[in-house]
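Subject: Structure for you to look at

Hi,

Here is the structure I promised to pass on. Please open it next to this message and follow along.

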Amino acid sequence: MAAKIYIVYYSMYGHVAKLAEEIEKGAASVEGVEVKLWQVPETLSDDVLTKMGAPPKKDVPIITPTELAEADGVIFGFPTRFGMMAAQFKAFMDATGGLWRTQQLAGKPAGIFYSTGSQGGGQETTPLTAITQLVHHGMIFVPVGYTFGAGMFEMEQVKGGTPYGSGTFAGDGSRVATELELQQAFHQGKYFAGIAKKLKGSA
């Protein structure tokens, strides 16, 4: 049986969605792994999103909390709002109470990726504060650490991502993820999938 990896994200302007696609490619490169992309429900109306200049959502299925239990491992992605995960993703996590009561996610590996507006906008506080969600579910946090190698020490260009997970900067919304940021996202997917596969095999 293949290890089933879910990449579950919220993206308003597309930055997190782009990272999710690269993470999917990385995870899919591992033999014996099945990967699926999911979005969490939007909480804002179409009218509000239009006024905020948000583009249409990607054609990715919307996940329900109960579907999380089907996965052998989950990588969660979200943009930052004041140094923490966006309310849309928090609302989704708040709806996982049923899974928490039965501890259906306990023992499953989980990863985190994210986007922030600036270099001081929460590249570390966002994943750090998100870990509380994983802890209450008994999930096993799988950080990237420094397994990405030299890319973790890049100083010549602005680069998102930390040992917690891959990341990017949105800036005013016009900035796109750099090649290095996308490479780290791919690496995270591949690295995480390898660990999820090992955990499933040893279960």
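R101 is a good place to begin, in helix α4, which covers residues 97-102. Keep in mind that this is a predicted model. R101 counts as exposed, because its relative accessibility is 64% and the cut-off for exposed is over 50%. Its C-alpha atom is 26 Å from that of I195, a residue 94 places away along the chain.

Next, the annotation. An unreviewed UniProt entry places the feature "domain: Flavodoxin-like" at residues 5-192. In the model, that span is 32% helix and 19% strand. The C-alpha atoms at its two ends lie 9 Å apart.

The nonpolar cores

The largest nonpolar core has 28 residues. Those with the most contacts inside it are V8, I63, L68, V74, F76, F78 and F89. Two or more residues come from each of β1 (3-9), β3, α3, β5 and α5. Another core lies apart from this one. It has 24 residues, including I5, A20, V60 and F192.

The aromatic residues

The structure holds five aromatic pairs. One of them is F76 with F89, in an edge-to-face arrangement. The ring centres are 5.8 Å apart, and the planes meet at 80°. F76 sits in strand β3 and F89 in helix α3, so this pair ties together parts that are 13 residues apart in sequence.

Are these two rings buried or exposed? F76 is buried, because its relative accessible area is 3% and the cut-off for buried is under 20%. F89 is buried too, with a value of 1%. Leaving aside neighbours within four places in sequence, F89 touches V8, Y9, Y10, V40, F76, G77 and F78. F76, F78, F89 and F92 form one aromatic cluster.

Strand β5 and its partners

Look at β5 (109-116) next. Eight of its eight residues are buried. On one side these are P109, G111, F113 and S115. On the other they are A110, I112, Y114 and T116. Both faces are therefore covered, with every one of these residues under the 20% cut-off.

Which strands pair with β5? There are three to check:

- β3 runs parallel to β5, joined by six bridges. V74 stands opposite A110 here.
- β6 pairs with β5 in the parallel sense over two bridges. A110 has F141 as its bridge partner in β6.
- β7 (residues 167-169) runs parallel to β5, joined by three bridges. In this pairing, S115 stands opposite T168.

Helix α5

To get from β5 to β6, the chain passes through α5. This β-α-β crossover is right-handed.

Helix α5 spans residues 125-137. Its buried residues are T126, P127, A130, I131, Q133, L134 and H137. An α-helix has 3.6 residues a turn, so residues three or four places apart point the same way. You can check that spacing on the model. The buried residues of α5 pack against strands β3 (73-81), β4 (84-85), β5 and β6 (140-141). They also pack against helices α3 (87-94) and α4. That brings us back to α4, the helix that holds R101. After α5 comes G138, which has a positive phi, near 75°.

Best wishes

Methods. Residues are numbered from 1 along each chain as its sequence is written. This is a predicted model: local features need pLDDT of at least 70, side-chain atom pairs count only at pLDDT 80 or more; totals for chains, interfaces and linings use all residues. Side-chain values use heavy atoms; hydrogens and water are left out. Helices (H or I, at least four residues) and strands (E, at least two) are DSSP runs, numbered from the N terminus. Buried means under 20% relative accessible area, exposed over 50%, partly exposed in between (1.4 Å probe, protein chains only). UniProt positions are given in the numbering used here, feature names are shortened, and annotations may be inferred rather than shown by experiment. Contact means heavy atoms within 4.5 Å. A nonpolar core is a set of buried Ala, Val, Leu, Ile, Met, Phe, Trp, Tyr and Cys residues joined through side-chain atoms within 4.5 Å. Rings of Phe, Tyr and Trp (its six-membered ring) pair if their centres lie within 6.5 Å; planes under 30 degrees apart count as stacked, over 60 as edge-to-face and the rest as tilted. Two strands pair if DSSP finds at least two bridges between them. A crossover is right-handed if, with the strands pointing away from the viewer, the path from the first strand over the helix to the second runs clockwise.
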